[in-house]
Amino acid sequence: MGEVVFKKPHSLTDNQFHYCPGCTHGIIHRLVAEVLDELQIEGRTIGVASVGCSVFTYNYFKCDMVQAAHGRAPAVATGVKRSDPNNIVFTYQGDGDLASIGTAETVHSATRNENITIIFVNNAIYGMTGGQMAPTSLPGQVTQTSPYGRDVKTVGYPVRICEMLSELEGPTYLERVTVDNVKHVNAAKKAIKKAFQYQMEGKGFSLIEVVSTCPTNWGMTPEKSLEWLQENMLPYYPLGVYKDKYAEKEDK
(Lines give C-alpha, C1' and ligand atoms only; values in the text may rest on other atoms or scores of the structure.)
Protein backbone atom coordinates (compact mmCIF):
# COMPACT_ATOMS: atom_id res chain seq x y z
CA MET A 1 0.00 0.00 0.00
CA GLY A 2 1.17 3.51 -0.77
CA GLU A 3 1.75 6.16 1.85
CA VAL A 4 -1.17 8.49 2.63
CA VAL A 5 -0.10 12.02 1.74
CA PHE A 6 -3.45 13.83 1.84
CA LYS A 7 -6.60 13.22 3.88
CA LYS A 8 -9.56 15.00 5.41
CA PRO A 9 -8.73 16.85 8.62
CA HIS A 10 -10.15 15.22 11.74
CA SER A 11 -11.76 18.53 12.76
CA LEU A 12 -14.01 18.47 9.69
CA THR A 13 -17.20 16.40 9.74
CA ASP A 14 -18.22 14.09 6.89
CA ASN A 15 -21.04 16.43 5.83
CA GLN A 16 -20.93 17.59 2.23
CA PHE A 17 -20.43 21.34 1.80
CA HIS A 18 -23.48 23.20 0.49
CA TYR A 19 -21.39 25.89 -1.19
CA CYS A 20 -21.59 26.67 -4.90
CA PRO A 21 -18.96 25.28 -7.32
CA GLY A 22 -15.87 27.48 -7.24
CA CYS A 23 -16.71 29.08 -3.89
CA THR A 24 -13.62 29.31 -1.69
CA HIS A 25 -15.43 28.75 1.63
CA GLY A 26 -14.56 25.07 1.39
CA ILE A 27 -10.83 25.77 1.10
CA ILE A 28 -10.95 28.14 4.06
CA HIS A 29 -12.90 25.62 6.16
CA ARG A 30 -10.23 23.04 5.45
CA LEU A 31 -7.43 25.39 6.47
CA VAL A 32 -9.12 26.19 9.78
CA ALA A 33 -9.67 22.47 10.44
CA GLU A 34 -6.05 21.64 9.62
CA VAL A 35 -4.89 24.28 12.09
CA LEU A 36 -7.17 22.91 14.83
CA ASP A 37 -5.70 19.45 14.18
CA GLU A 38 -2.09 20.60 14.15
CA LEU A 39 -2.46 22.65 17.33
CA GLN A 40 -4.45 19.81 18.94
CA ILE A 41 -7.14 22.19 20.18
CA GLU A 42 -10.32 20.76 18.63
CA GLY A 43 -11.59 19.62 22.03
CA ARG A 44 -11.30 23.06 23.61
CA THR A 45 -12.35 25.15 20.61
CA ILE A 46 -15.72 26.86 20.23
CA GLY A 47 -16.64 28.36 16.87
CA VAL A 48 -19.26 31.04 16.33
CA ALA A 49 -21.21 30.83 13.08
CA SER A 50 -22.43 33.97 11.35
CA VAL A 51 -25.47 34.64 9.19
CA GLY A 52 -24.76 34.38 5.47
CA CYS A 53 -23.50 31.66 3.16
CA SER A 54 -21.47 30.35 6.10
CA VAL A 55 -24.52 30.05 8.36
CA PHE A 56 -24.18 26.25 8.31
CA THR A 57 -20.57 26.34 9.49
CA TYR A 58 -21.69 24.42 12.58
CA ASN A 59 -22.41 21.41 10.33
CA TYR A 60 -18.83 21.20 9.12
CA PHE A 61 -16.59 21.51 12.19
CA LYS A 62 -16.39 18.86 14.91
CA CYS A 63 -15.63 21.39 17.62
CA ASP A 64 -18.47 22.94 19.61
CA MET A 65 -20.29 25.66 17.68
CA VAL A 66 -22.66 28.51 18.57
CA GLN A 67 -25.00 30.30 16.14
CA ALA A 68 -24.96 34.09 16.48
CA ALA A 69 -27.55 36.58 15.32
CA HIS A 70 -26.66 38.52 12.17
CA GLY A 71 -23.45 40.49 12.76
CA ARG A 72 -23.19 39.65 16.45
CA ALA A 73 -20.56 36.89 16.27
CA PRO A 74 -17.76 38.96 17.90
CA ALA A 75 -20.07 39.85 20.80
CA VAL A 76 -21.08 36.21 21.25
CA ALA A 77 -17.43 35.13 20.99
CA THR A 78 -16.49 37.70 23.65
CA GLY A 79 -19.05 36.22 26.05
CA VAL A 80 -17.95 32.65 25.34
CA LYS A 81 -14.28 33.53 25.84
CA ARG A 82 -14.80 35.57 29.01
CA SER A 83 -16.98 32.86 30.55
CA ASP A 84 -14.05 30.44 30.31
CA PRO A 85 -10.74 31.93 29.13
CA ASN A 86 -9.38 28.41 28.56
CA ASN A 87 -11.66 28.11 25.54
CA ILE A 88 -10.19 28.77 22.12
CA VAL A 89 -12.86 30.84 20.37
CA PHE A 90 -13.16 31.83 16.73
CA THR A 91 -15.80 33.45 14.55
CA TYR A 92 -16.32 32.68 10.87
CA GLN A 93 -17.98 35.62 9.09
CA GLY A 94 -18.68 36.98 5.63
CA ASP A 95 -18.39 40.61 4.60
CA GLY A 96 -22.12 41.33 4.74
CA ASP A 97 -22.21 39.99 8.29
CA LEU A 98 -18.97 41.48 9.62
CA ALA A 99 -18.56 44.71 7.67
CA SER A 100 -22.19 45.85 7.59
CA ILE A 101 -24.63 44.91 10.33
CA GLY A 102 -21.75 43.72 12.52
CA THR A 103 -19.39 46.68 12.09
CA ALA A 104 -19.84 47.92 15.66
CA GLU A 105 -19.25 44.48 17.18
CA THR A 106 -16.13 44.06 15.07
CA VAL A 107 -14.67 47.45 15.89
CA HIS A 108 -15.34 47.32 19.61
CA SER A 109 -14.11 43.75 20.12
CA ALA A 110 -10.94 44.82 18.31
CA THR A 111 -10.42 48.00 20.30
CA ARG A 112 -10.89 46.02 23.53
CA ASN A 113 -8.32 43.53 22.19
CA GLU A 114 -10.56 40.60 23.06
CA ASN A 115 -8.57 37.37 23.00
CA ILE A 116 -10.49 35.84 20.08
CA THR A 117 -9.78 34.92 16.46
CA ILE A 118 -11.91 36.16 13.57
CA ILE A 119 -11.90 34.53 10.14
CA PHE A 120 -13.34 37.15 7.78
CA VAL A 121 -14.31 36.04 4.26
CA ASN A 122 -14.51 38.98 1.83
CA ASN A 123 -16.10 38.21 -1.55
CA ALA A 124 -17.34 41.76 -2.21
CA ILE A 125 -21.03 40.84 -2.37
CA TYR A 126 -23.99 39.55 -0.36
CA GLY A 127 -23.95 35.88 -1.31
CA MET A 128 -26.77 34.11 0.53
CA THR A 129 -29.48 36.68 -0.14
CA GLY A 130 -29.05 36.99 -3.89
CA GLY A 131 -26.09 39.16 -4.76
CA GLN A 132 -26.82 42.63 -3.42
CA MET A 133 -24.11 45.29 -3.09
CA ALA A 134 -22.10 44.82 0.08
CA PRO A 135 -19.95 47.28 2.06
CA THR A 136 -16.97 45.66 0.35
CA SER A 137 -18.29 45.80 -3.25
CA LEU A 138 -15.82 47.59 -5.50
CA PRO A 139 -16.36 50.98 -7.15
CA GLY A 140 -18.26 50.34 -10.37
CA GLN A 141 -19.07 46.73 -9.43
CA VAL A 142 -22.37 45.49 -10.85
CA THR A 143 -24.63 43.76 -8.34
CA GLN A 144 -28.37 43.13 -8.01
CA THR A 145 -28.79 46.47 -6.22
CA SER A 146 -26.21 48.38 -8.28
CA PRO A 147 -27.09 47.32 -11.85
CA TYR A 148 -25.14 50.27 -13.28
CA GLY A 149 -22.17 49.71 -10.99
CA ARG A 150 -21.41 50.96 -7.50
CA ASP A 151 -21.59 54.75 -7.57
CA VAL A 152 -19.28 56.09 -4.87
CA LYS A 153 -20.89 59.53 -5.13
CA THR A 154 -24.15 58.23 -3.74
CA VAL A 155 -23.25 55.14 -1.68
CA GLY A 156 -19.65 55.83 -0.69
CA TYR A 157 -16.50 53.79 -0.99
CA PRO A 158 -15.89 50.18 0.05
CA VAL A 159 -14.90 49.48 3.63
CA ARG A 160 -11.35 48.17 3.99
CA ILE A 161 -11.55 46.29 7.29
CA CYS A 162 -7.85 45.55 7.87
CA GLU A 163 -6.86 49.13 7.11
CA MET A 164 -9.60 50.52 9.36
CA LEU A 165 -8.85 48.26 12.32
CA SER A 166 -5.11 48.86 11.99
CA GLU A 167 -5.70 52.46 13.10
CA LEU A 168 -6.94 51.23 16.48
CA GLU A 169 -4.50 50.68 19.32
CA GLY A 170 -6.29 47.56 20.54
CA PRO A 171 -5.97 44.73 18.02
CA THR A 172 -2.93 42.48 18.07
CA TYR A 173 -2.77 40.86 14.65
CA LEU A 174 -4.42 41.73 11.33
CA GLU A 175 -3.54 40.10 8.02
CA ARG A 176 -5.19 39.91 4.60
CA VAL A 177 -4.70 36.73 2.55
CA THR A 178 -6.36 34.91 -0.34
CA VAL A 179 -6.67 31.34 -1.59
CA ASP A 180 -6.53 31.68 -5.37
CA ASN A 181 -3.42 29.51 -5.84
CA VAL A 182 -1.23 27.06 -3.94
CA LYS A 183 1.25 29.69 -2.77
CA HIS A 184 -1.52 31.89 -1.39
CA VAL A 185 -3.32 28.93 0.21
CA ASN A 186 -0.14 28.04 2.10
CA ALA A 187 0.29 31.66 3.20
CA ALA A 188 -3.34 31.80 4.33
CA LYS A 189 -2.91 28.70 6.45
CA LYS A 190 0.21 30.16 8.04
CA ALA A 191 -1.70 33.33 8.94
CA ILE A 192 -4.67 31.41 10.38
CA LYS A 193 -2.36 29.23 12.45
CA LYS A 194 -0.52 32.27 13.79
CA ALA A 195 -3.84 33.86 14.79
CA PHE A 196 -4.85 30.79 16.79
CA GLN A 197 -1.39 30.52 18.35
CA TYR A 198 -1.57 34.14 19.47
CA GLN A 199 -4.89 33.42 21.14
CA MET A 200 -3.46 30.35 22.87
CA GLU A 201 -0.67 32.57 24.19
CA GLY A 202 -3.16 35.16 25.46
CA LYS A 203 -1.93 37.87 23.09
CA GLY A 204 -5.32 39.25 22.10
CA PHE A 205 -7.48 40.02 19.09
CA SER A 206 -6.62 38.61 15.67
CA LEU A 207 -8.49 38.97 12.38
CA ILE A 208 -7.56 37.14 9.19
CA GLU A 209 -9.30 38.56 6.12
CA VAL A 210 -9.53 36.13 3.21
CA VAL A 211 -10.23 37.73 -0.18
CA SER A 212 -12.56 35.27 -1.86
CA THR A 213 -14.74 34.56 -4.88
CA CYS A 214 -18.49 34.28 -5.46
CA PRO A 215 -18.87 32.82 -8.97
CA THR A 216 -22.66 32.48 -8.73
CA ASN A 217 -23.46 36.07 -7.79
CA TRP A 218 -20.62 37.50 -9.86
CA GLY A 219 -22.14 35.65 -12.84
CA MET A 220 -18.87 33.95 -13.77
CA THR A 221 -17.35 30.52 -14.08
CA PRO A 222 -15.06 29.47 -11.21
CA GLU A 223 -12.03 30.06 -13.45
CA LYS A 224 -13.17 33.53 -14.51
CA SER A 225 -13.98 34.45 -10.93
CA LEU A 226 -10.40 33.74 -9.87
CA GLU A 227 -9.16 35.94 -12.70
CA TRP A 228 -11.58 38.70 -11.64
CA LEU A 229 -10.35 38.44 -8.06
CA GLN A 230 -6.74 38.77 -9.16
CA GLU A 231 -7.37 41.64 -11.55
CA ASN A 232 -9.87 43.65 -9.52
CA MET A 233 -10.03 42.70 -5.85
CA LEU A 234 -6.36 42.30 -5.01
CA PRO A 235 -5.39 45.78 -6.28
CA TYR A 236 -8.11 47.28 -4.08
CA TYR A 237 -7.54 44.91 -1.15
CA PRO A 238 -3.75 44.42 -1.05
CA LEU A 239 -2.51 41.31 0.70
CA GLY A 240 -0.21 41.53 3.69
CA VAL A 241 0.16 42.06 7.43
CA TYR A 242 -1.59 45.23 8.56
CA LYS A 243 -0.72 44.93 12.22
CA ASP A 244 1.31 42.54 14.34
CA LYS A 245 2.21 43.93 17.74
CA TYR A 246 4.60 41.13 18.56
CA ALA A 247 6.42 41.18 15.24
CA GLU A 248 6.80 44.94 15.70
CA LYS A 249 8.39 44.37 19.10
CA GLU A 250 10.77 41.79 17.63
CA ASP A 251 11.76 44.24 14.90
CA LYS A 252 12.63 46.84 17.54
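The following paragraphs lead through selected helices, contacts and loop residues of this structure. The model is a predicted one.

A natural place to begin is helix α1, which comprises residues 25-39. Its 15 residues reach 21 Å from the first C-alpha to the last, close to the 21 Å expected at 1.5 Å a residue. Twelve of these 15 residues are buried, so α1 is largely enclosed by the rest of the structure. The buried residues are His25, Gly26, Ile28, His29, Arg30, Leu31, Val32, Ala33, Glu34, Val35, Leu36 and Leu39. The elements that cover them include the strands β1 (45-49), β3 (88-94), β4 (117-122) and β6 (206-211), together with helix α7.

The partnership with α7 can be followed in greater detail. Two packed helices are described by the angle between their axes and the distance between the axes. For α1 and α7 (residues 182-200), the angle is about 45 degrees and the axes lie 9 Å apart. An angle of that value makes α1 oblique to α7. The crossing of α1 and α7 is right-handed. From α1, the contact draws on Ile27, Leu31, Val32, Glu34, Val35, Leu36, Glu38 and Leu39. From α7, the contributing residues are Val185, Ala188, Lys189, Ile192, Lys193, Phe196, Gln197 and Met200. Sorted by class, the contact of α1 with α7 holds eleven nonpolar, one polar and four charged residues.

Val185 offers a closer view of this contact from the side of α7, the helix in which it lies. Val185 has a relative accessible area of 19%, which is under the 20% limit and therefore counts as buried. Its C-alpha atom is separated by 8.3 Å from that of Leu31, although the two residues are 154 apart along the chain. With neighbours within four places in sequence left aside, Val185 is in contact with Ile27, Leu31, Thr178 and Val179.

The chain just after α1 also deserves attention. Most residues other than glycine have a negative phi. Gln40, which is not a glycine, has a positive phi of about 55 degrees. Gln40 belongs to the loop between α1 and β1. With a relative accessible area of 72%, Gln40 is exposed.

A second positive phi is found at Ala124, where the value is near 65 degrees in a residue other than glycine. Ala124 is placed in the loop between β4 and α5 (152-155). Whereas Gln40 is exposed, Ala124 is buried, with a relative accessible area of 0%.

Asn123 lies in the loop between β4 and α5 as well. At 7% relative accessibility, Asn123 counts as buried. Not counting residues up to four places away in sequence, Asn123 touches Asp95, Ser212, Thr213, Cys214, Trp218 and Met233.

A further pair of packed helices completes the account. Helix α2 (residues 73-83) and helix α4 (residues 103-111) pack at an angle of about 40 degrees, and their axes are 7 Å apart. These two helices are therefore oblique to each other. On the side of α2, the contact is made by Pro74, Ala75 and Thr78, and on the side of α4 by Glu105, Thr106 and Ser109. By class, the contact of α2 with α4 divides into two nonpolar, three polar and one charged residue.

Key
Residues are numbered from 1 along each chain as its sequence is written. This is a predicted model: local features need pLDDT of at least 70, side-chain atom pairs count only at pLDDT 80 or more; totals for chains, interfaces and linings use all residues. Side-chain values use heavy atoms; hydrogens and water are left out. Axes are lines fitted to C-alpha atoms, for helices over the stretch in contact, and angles run from 0 to 180 degrees between N-to-C directions. Helices (H or I, at least four residues) and strands (E, at least two) are DSSP runs, numbered from the N terminus. Angles under 35 degrees count as roughly parallel, over 145 as roughly antiparallel, 65 to 115 as roughly perpendicular and the rest as oblique. A crossing is left-handed if the near helix is turned anticlockwise from the far one by less than a right angle, and right-handed if clockwise. Contact means heavy atoms within 4.5 Å. Ala, Val, Leu, Ile, Met, Phe, Trp, Tyr, Cys and Pro count as nonpolar, Asp, Glu, Lys and Arg as charged, and the others, Gly among them, as polar. The expected span of a helix is 1.5 Å times one less than its number of residues. Buried means under 20% relative accessible area, exposed over 50%, partly exposed in between (1.4 Å probe, protein chains only).
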